[in-house]
Amino acid sequence: MTLPGPGSDVLVAGGGVTGPAVARALLRLGATVTVADGKPAARAAVAEQVPGITVVDLDELTGPEQLSRYQMVVVAPGFRPTAPVVTAALDAGIDVIGDVELAWRIDRAGAFGAPRDWLVVTGTNGKTTTTQMLEAILLHAGVRAAACGNIGRPVIDAIADPVDPRVLAVELSSFQLHWAPSVRPRAGVVLNVAEDHLDWHGSMAAYTADKARALSGELAVIGLDDPVAGGLRGAADTVGFTTGEPAGGQYGVHDGVLVDGDGAEILPAGRVSPPGPAGVCDALAATALAETVGVSAQQAGAALAAFRVGAHRAEPVAQVRGITFIDDSKATNPHAALNSIEAHPRVVWVAGGQLKGADIAPLIERVAPRLAGAVLLGVDAGLIAAAMARHAPDVPVVRVTSGDDSAVPPVTNDASRSVGTSVAAGVDVFGDADAVMTAAVGEAERLAAAAPGDAPVVLLAPAAASLDMFTSYGHRGDAFAAAARALGTAS
């Protein structure tokens, strides 16, 4: 594995979250560093954060001749294999890797201290919660550990930390795994695999193959309840976990208690946060990884009993007139939304955004009996509305759009209007994304109040990404929470 050093000229493509961290690490290795980004603000920011580098416009790097001076290109995770800078670099015979791959090479070489134990977490859903659980377990057990990767802190910053964590709880997306072909963790888990980011990977097979790279180390942990993940196997030993009764050597639930592969009790299933099958799976996976570095089931159970899920992950944010509002903005694909909806008997569903090529129809067909209504927003709201008309024709649907969306004709926001079941009713809002969310939450409350029987929860589980309207899934969740709380103050 090539490691840049003095005399190496390295291009860092992307000046966002990982760019400054990569640039600092390369300078520490003695390399000459150029950071390329297409946005002037990003170039200015990284130049200010990391003195001693050169910044250039990414859009000017159009062919191999512009890249010939570089010995390596380190790309931000979101760069597709077909991105012009990637294809140009490969055409020039230049090594193209991601920031996680660079961190792995630095760590294995001992350049920033003795190599660490990497415990890798991936899956379509549950990655962040599992990684947070894993870090909590490790720290409770007295292990010098740090969560990093897709969870927010670049891995390369974690290995450069003077505190020198000995175990890394590494959340990795499919993008990061694609650009990290050499990573061989102490243990890795694939929680589940469902349609997501197919527009990036090109096919389900390619997406699954990138996820499976997490299983290339000493121990592979797989979610047996998931039809795709359950069929994967690791390069060495493989162990599975299930929300049902475990077979020999598996992690699972026995008589309502989570147990490890040896049958040792971890904690009662009812004490897991977040509640429901998804939370139980995450807790079992985190325990399986932690036990590879000497943590006991009892220590894992004590940490999990105190663990509370982070913001925007099935988080109750308001209760207004007997209706509970739950923010699961992190449910950015249909599989995540399925887990979220199935945790409740009756739901008014707030959904929409960028589906990223995923098919929403199987989700709607499965959860239709639980839906008391649906409020849709975002660029792919029309696709969701069409699927609702096919697979849940009796469920009231409202589509909320901005005044700039000409695809949906404006209608009067009149509570007495007919809410169609085969065609979504429309509410046109003249304002920004927060205003659209405020209207959506108001519509959701109206549907919940009108539903027969016990009041359903109003659940933001978008099944889609947020960047068509919001700056992040966090911004989307915050807008939902603010709108829900405001209902309680309205007369």
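In this predicted model, A13 stands opposite A36 in strand 2. The two residues belong to a parallel pairing, in which strand 1 and strand 2 (residues 32–37) are joined over five bridges. This pair is a good place to begin a tour of the sheet, where five strands are arranged in the order 3-2-1-4-5, with parallel pairing, and the sheet is open. At its edges lie strand 3 (54–57) and strand 5 (95–98), each of which pairs on one side only. From one strand to the next, the twist averages 25°. Helix 4 (residues 84–91) lies across strand 1, strand 4 and strand 5, and runs at about 140° to strand 5.

Strand 1 also takes part in enclosing a cavity. A search of the whole structure finds two cavities of 30 Å³ or more, and the second largest has a volume of about 30 Å³. Its lining consists of V12, A13, G14, T18, G19, V22, V74, V75, A76 and D99. Strand 1 (9–13), helix 1 (18–29) and strand 4 (72–75) are the elements that each give two or more residues to this lining, and helix 1 provides the largest share, three residues. By class, the lining of this cavity has six nonpolar residues, three polar and one charged.

Further along the chain, a hairpin offers an antiparallel counterpart: strand 13 (residues 257–259) and strand 14 (residues 265–268) pair in this sense over three bridges. Here V257 stands opposite P268 in strand 14. Five residues lie between the two strands of the hairpin, where G263 takes a positive phi near 85°.

Terms used. Residues are numbered from 1 along each chain as its sequence is written. This is a predicted model: local features need pLDDT of at least 70, side-chain atom pairs count only at pLDDT 80 or more; totals for chains, interfaces and linings use all residues. Side-chain values use heavy atoms; hydrogens and water are left out. On a 1 Å grid over the protein atoms alone, a cavity is a set of points where a 1.4 Å probe fits but cannot get out, and a pocket is an open set with protein on both sides within 12 Å along at least five of seven lines; lining residues have an atom within 4 Å of a point. Grid points are joined across faces, edges and corners, and a volume is the space filled by probe spheres set on the points. Helices (H or I, at least four residues) and strands (E, at least two) are DSSP runs, numbered from the N terminus. Ala, Val, Leu, Ile, Met, Phe, Trp, Tyr, Cys and Pro count as nonpolar, Asp, Glu, Lys and Arg as charged, and the others, Gly among them, as polar. Two strands pair if DSSP finds at least two bridges between them. Axes are lines fitted to C-alpha atoms, for helices over the stretch in contact, and angles run from 0 to 180 degrees between N-to-C directions. Contact means heavy atoms within 4.5 Å.
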